[in-house]
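These notebook entries record what I looked up, beginning with aromatic rings and ending with empty space.

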Amino acid sequence: MKPRRTQYEIYWEILTFCKSPKTFTNIINRCDLNSKIGKEYLEFLKEKGFLSTSMNEEKSLFVTTDHANNYVTTFTKMYKELFEKSPEFKL
Amino acid sequence: MATDISNKFQRELKSFYALSVMNIIFGGIGMALGISAGVQNVLALVEARSLLLYQFALTLIGFLAFGISLRWLLSSVEILDGATDIKDDYEKSKTKLDDENATSLVVKMMAYYRDNRSTIRRLTLLSKIAGICFFVNGIILLINTTNNIILGASLSSILLMVIGTILNLVVGASGIIIPRSFRKYSSVWEYRLEQSTRVERELDKELEGQLK
């Protein structure tokens with residue numbers, strides 16, 4: 001089981017994973033979510049316009065839209081900074 | 001920049017991995033010493049066929065140290081398990097540590113700390129208690145060894161007692177030093193978690209701006 005992540009971290013994981021089209025099963029497996037929670041996250045991201053869906057051979061595919069760029073960039077930049085600029089743990 | 005962050009990951013992961021392995025080693029030695037002290041003193045009590053207070057106290061300390069060391073060892077294994085997973089993830093992505101991979105590692109390390117916060121606190125406390133038990137046992141053994149030297153005991157028995165005393169004192173000292181390193185690790189990650197709430201506020205703004 002994946003360790004405890006915040007909703008913002010899960011959004012980021014879904015959005016970076018869906019840079020290329022992915023099925024619902026792909027997403028919940030990769031991000032280690034149960035289907036109920038997975039559905040909620042995907043609905044939220046669709047509602048925000050961060051994800052779009054298309055059909056391929058009767059399967060619904062999720063893909064990250066350009067609207068998500070700001071969120072993904074801000075998250076990546078700030079999390080990297082958070083690690084780089086904080087004190088280091090050394091024995 | 002990519003090399004800087006990669007080096008920082010490497011140093012931090014190496015330090016934490018070493019700390020976790022050290023914990024397992026000392027937890028294991030502690031367990032062995034505890035059970036051996038407990039059993040030896042129980043045998044001495046059985047042989048004497050009476051309740052010797054001194055031996056009884058050593059038996060209690062021995063078994064208590066054994067129990068605490070067992071918990072210490074189990075918690076250490078839990079911690080090492082997660083540390084190994086993160087180290088493996090780093091090894092896999094270190095040749096191509098782009099922004100996405102680096103961020104993914106930070107997310108994993110942060111989630112790992114959130115998940116293991118209470119185990120680390122427990123470990124800090126357990127190793128400290130075990131350390132005190134071994135230190136007390138070491139001091140008692142030191143007094144005994146000195147007495148035996150004065151009374152002219154055989155060289156082999158004195159040698160065994162000296163080894164036992166050193167081992168107890170070393171495990172005792174490790175039980176006091178290791179929690180300090182864990183506290184250092186916790187304070188670094190607590191600071192990062194605190195900073196992440198500021199990041200979350202920014203991300204909230206990003207999400208609110210996208211309301212359809």
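**Entry 1: a pair of tyrosines in chain A.** I began with burial in this predicted model. Tyr11(A) and Tyr71(A) are both buried. I then looked up how many aromatic pairs the structure holds, and over all chains there are 15. Tyr11(A) and Tyr71(A) form one of these pairs, an edge-to-face one, with 6.4 Å from centre to centre and 70 degrees between the planes. I noted that the pair links distant parts of the chain. Tyr11(A) belongs to helix α1 (residues 7–17) of chain A and Tyr71(A) to helix α4 (residues 69–84) of chain A, 60 residues apart.

**Entry 2: a pair of tyrosines in chain B.** I next looked up Tyr113(B) and Tyr185(B), whose ring centres are 5.9 Å apart. Their planes stand at 70 degrees, over the 60 that the term requires, so I entered the pair as edge-to-face. Tyr113(B) lies in helix α3 (residues 99–150) of chain B and Tyr185(B) in helix α4 (residues 155–208) of chain B, so the pair ties together parts 72 residues apart in sequence. I found Tyr113(B) and Tyr185(B) buried.

**Entry 3: a cluster of rings.** I returned to chain A and traced a cluster linked by ring pairs. Its members are Tyr11(A), Trp12(A), Tyr41(A), Phe44(A), Phe50(A), Tyr71(A), Phe75(A) and Tyr79(A).

**Entry 4: charges over rings.** Which ring lies under the charged end of Lys8(B)? I found that of Phe83(A), with the charged end 5.4 Å from the ring centre. The charged end of Lys87(B) sits over the ring of Tyr17(B), 4.4 Å from its centre.

**Entry 5: the cavity.** I searched the whole structure for cavities of 30 Å³ or more and recorded one. The largest cavity has a volume of about 60 Å³. Tyr185(B), met above, is among its lining residues, as are Trp189(B), Phe16(B) and Glu12(B). Helices α1, α2, α3 and α4 of chain B each give two or more residues to this lining, and α1(B) gives the most, with three. I counted eight nonpolar residues, no polar and one charged in the lining of the largest cavity.

**Entry 6: a pocket.** I closed with the second largest pocket, whose volume is about 390 Å³. It is lined by 17 residues, and Ala37(B), Gln40(B), Asn41(B), Leu141(B) and Met161(B) lie nearest its centre. The largest share of this pocket's lining, six residues, comes from α1(B). I entered the lining of the second largest pocket as eight nonpolar, nine polar and no charged residues.

Methods
Residues are numbered from 1 along each chain as its sequence is written. Chains are lettered from A and ligands numbered from 1 in the order in which they are written. This is a predicted model: local features need pLDDT of at least 70, side-chain atom pairs count only at pLDDT 80 or more; totals for chains, interfaces and linings use all residues. Side-chain values use heavy atoms; hydrogens and water are left out. Rings of Phe, Tyr and Trp (its six-membered ring) pair if their centres lie within 6.5 Å; planes under 30 degrees apart count as stacked, over 60 as edge-to-face and the rest as tilted. Helices (H or I, at least four residues) and strands (E, at least two) are DSSP runs, numbered from the N terminus. Buried means under 20% relative accessible area, exposed over 50%, partly exposed in between (1.4 Å probe, protein chains only). A charge sits over a ring if NZ of Lys or CZ of Arg is within 6 Å of the ring centre and within 35 degrees of the ring normal. On a 1 Å grid over the protein atoms alone, a cavity is a set of points where a 1.4 Å probe fits but cannot get out, and a pocket is an open set with protein on both sides within 12 Å along at least five of seven lines; lining residues have an atom within 4 Å of a point. Grid points are joined across faces, edges and corners, and a volume is the space filled by probe spheres set on the points. Ala, Val, Leu, Ile, Met, Phe, Trp, Tyr, Cys and Pro count as nonpolar, Asp, Glu, Lys and Arg as charged, and the others, Gly among them, as polar.
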